[in-house]
Amino acid sequence: MMQFPGALRLSIWIALIMLAIAPNELHAQPRTEEFKLDNGLQVVVIPDHRAPVVTHMVWYKVGAADEPKGVSGIAHFLEHLMFKSTDKIPLGEFSKIVARLGGQDNAFTGHDVTAYFQRVSKDKLGTMMEMEADRMVNLRLTEKEVLTERDVILEERRSRIENNPAAIMDEQMNAALYYSHPYGIPVIGWEHEMAKLSPEDALSFYKHYYAPNNAVLVVAGDVTAEEVRALAEKTYGRIPANPAVGAVRERPKDPPQRAARRVEYSDPRAGNASFHRDYVAPSYMTAEPGEAEALDLLMKIVGEGATSRIYKRLVVEDKIASSAGGVYSGSGLDYGNISLYAVSADGAELLPKIEAAIDNVLDEVRRNGVTEAELKRARASYIADYIYENDDQASLARRYGWGLALGRTVAQIEGWPDALRKVTVDDIKRVAGTYLDLKRSVTGYLEPSEDKVHAEQPAPKSRS
């Protein structure tokens, strides 16, 4: 009988067990309940009674792509300022209070959403709701606090963007990828606009968008829907709705993509030369039924991991790249994108060969599609990841919060595995032929340079 190493033997047993589980058990979803308060706050509860812990998240339906023109970075700036003070919470005490209660907290800003979250013991949930509801409407800002925090975000941009050639490259490619749409503006903002952000900018943005009828509350953990409803009505329910917040977000739309674009950037800090390409694609919010799922599966096959077609061709067979891959990002409200990359195995002179090899892989997929075996593996991998996520409070809260804040329904979020099962090899070939089109793309070369003068100059200031 053939013997396997312990780790491999365990992996085989896990795979066999997964195959033995009935399909309806694999499809098992966390039990969720949802309701709305009278002021419009949407609430989702995900009970998990294994430990007396809860994850509390508030998602605002606003992000960097909703900023007024010329005020880039205000959404992310406001996220920082939300940790300042209210009449009830002294300056800088919000996170300290959470920590003294034994919890953890943080926040993040994207192009389409801004979210604040805490993980605490069950008995502290009411306190978290009181604190989060308080800063939803009672944020207090002084000019000194705003100017001090503005210096913080400017330094954040320098450390995250200006000191990272790959981040600079990414920023330049995004700016070229979108003609009019604000996804081309970095979430952290352009430095020259960030430097002018004022208390009035922050308060105007805050008073318009931070309201219960523009938010989603997600609570996952050792709670029931009845407990959450009672606490939510006692805290968030006292806040009036803001009728000024529109139900539909008005954003500029890009014209048709008609020409391939190229970006070249050299930097003495760049390290190994690398190839990059981004395509505009629909997102889960804008794609035709089944398209986004097909794009997810396409890029799983083409670009993810050591078994992907791109990795095998460039790294294993041709040996012209030290790493390579790609991914589909479909979580945007207005657009998604396909991103590809490869790091040269031997300098910038290999970048044209890398580009040609990637184009060859993509041409093969457009012409011949993928195999049934590849599709089955990709689908099984995604569904397994989805099932494993069901075991993690924070991942569940993020899954539902992000989807609902974009306008998806609980049924759509929970129906993703079934939607994946419906995708065929013909669907994948069709989306490959439609969206892997160079006219929809920006191609970038990032190369190291020997520009000593540039290296000694202070870094220009720019995103987060």
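Angles under 35 degrees count as roughly parallel, over 145 as roughly antiparallel, 65 to 115 as roughly perpendicular, and whatever is left over is oblique. At about 120 degrees, helices α3 and α6 are therefore oblique to each other. This is a predicted model, and the rundown below covers three helix pairs, two pockets and a cavity. Of the pockets, the largest has a volume of about 760 Å³, while the second largest holds about 550 Å³ of space.

**α3 against α6**

- Helix α3 spans residues 74-81 and helix α6 spans residues 143-162, and their axes sit 10 Å apart.
- As for handedness, α3 and α6 make a right-handed crossing.
- On the α3 side the contact is made by His76, Phe77, His80 and Leu81, and on the α6 side by Glu145, Val146, Glu149, Arg150, Val152, Ile153 and Glu156.
- Sorted by type, the residues of this α3–α6 contact come out as five nonpolar, two polar and four charged.

**α18 and its partners, α13 and α11**

- Take α13 (residues 351-368) with α18 (residues 425-435) to begin: their axes come within 7 Å and cross at roughly 125 degrees.
- That angle falls in neither the 65 to 115 band nor the range over 145, so α13 and α18 are oblique to each other.
- The α13–α18 crossing is left-handed.
- Val365, Arg366, Arg367 and Asn368 of α13 make the contact with Lys429, Ala432 and Gly433 of α18.
- That contact of α13 with α18 splits into two nonpolar, two polar and three charged residues.
- Now for α11 (residues 291-303): this helix packs with α18 at an angle of about 90 degrees, with the two axes 9 Å apart.
- The pair α11 and α18 is therefore roughly perpendicular, since the band for that label is 65 to 115 degrees.
- From α11, the residues that meet α18 are Glu291, Ala294, Leu295, Leu297, Leu298 and Ile301, and they find Asp427, Ile428, Val431, Ala432 and Tyr435 across from them.
- The make-up of the α11–α18 contact is nine nonpolar residues, no polar ones and two charged.
- Ala432 of α18 turns up in the contact with α13 and again in the contact with α11.

**The largest pocket**

- Its lining takes in 22 residues, and Tyr284, Ser331, Glu389, Arg399 and Trp416 lie nearest the centre.
- The elements giving two or more residues to this lining are β9 (321-329), α14 (372-389), α15 (393-406) and α16 (410-414).
- Among these, α15 gives the most to the lining of the largest pocket, with six residues.
- By type, the lining of the largest pocket has nine nonpolar, six polar and seven charged residues.

**The second largest pocket**

- Here 23 residues do the lining, and those nearest the centre are His111, Asn174, Ser329, Ser331 and Asn337.
- For this pocket, α7 (165-177), β10 (336-344) and α15 are the elements that give two or more residues to the lining.
- The top contributor to the second largest pocket is β10, with three residues.
- This lining divides into six nonpolar, 12 polar and five charged residues.
- Ser331 lies among the residues nearest the centre of the largest pocket, and also among those nearest the centre of the second largest.
- Helix α15 likewise shows up for both, giving two or more residues to the lining of the largest pocket and of the second largest.

**The cavity**

- There is one cavity of 30 Å³ or more, and the largest cavity has a volume of about 30 Å³.
- Its lining is made up of Met82, Phe83, Lys84, Ser85, Thr86, Ile89, Phe94 and Arg135.
- Those lining residues of the largest cavity sort into four nonpolar, two polar and two charged.

Notes:
Residues are numbered from 1 along each chain as its sequence is written. This is a predicted model: local features need pLDDT of at least 70, side-chain atom pairs count only at pLDDT 80 or more; totals for chains, interfaces and linings use all residues. Side-chain values use heavy atoms; hydrogens and water are left out. On a 1 Å grid over the protein atoms alone, a cavity is a set of points where a 1.4 Å probe fits but cannot get out, and a pocket is an open set with protein on both sides within 12 Å along at least five of seven lines; lining residues have an atom within 4 Å of a point. Grid points are joined across faces, edges and corners, and a volume is the space filled by probe spheres set on the points. Helices (H or I, at least four residues) and strands (E, at least two) are DSSP runs, numbered from the N terminus. Ala, Val, Leu, Ile, Met, Phe, Trp, Tyr, Cys and Pro count as nonpolar, Asp, Glu, Lys and Arg as charged, and the others, Gly among them, as polar. Axes are lines fitted to C-alpha atoms, for helices over the stretch in contact, and angles run from 0 to 180 degrees between N-to-C directions. A crossing is left-handed if the near helix is turned anticlockwise from the far one by less than a right angle, and right-handed if clockwise. Contact means heavy atoms within 4.5 Å.
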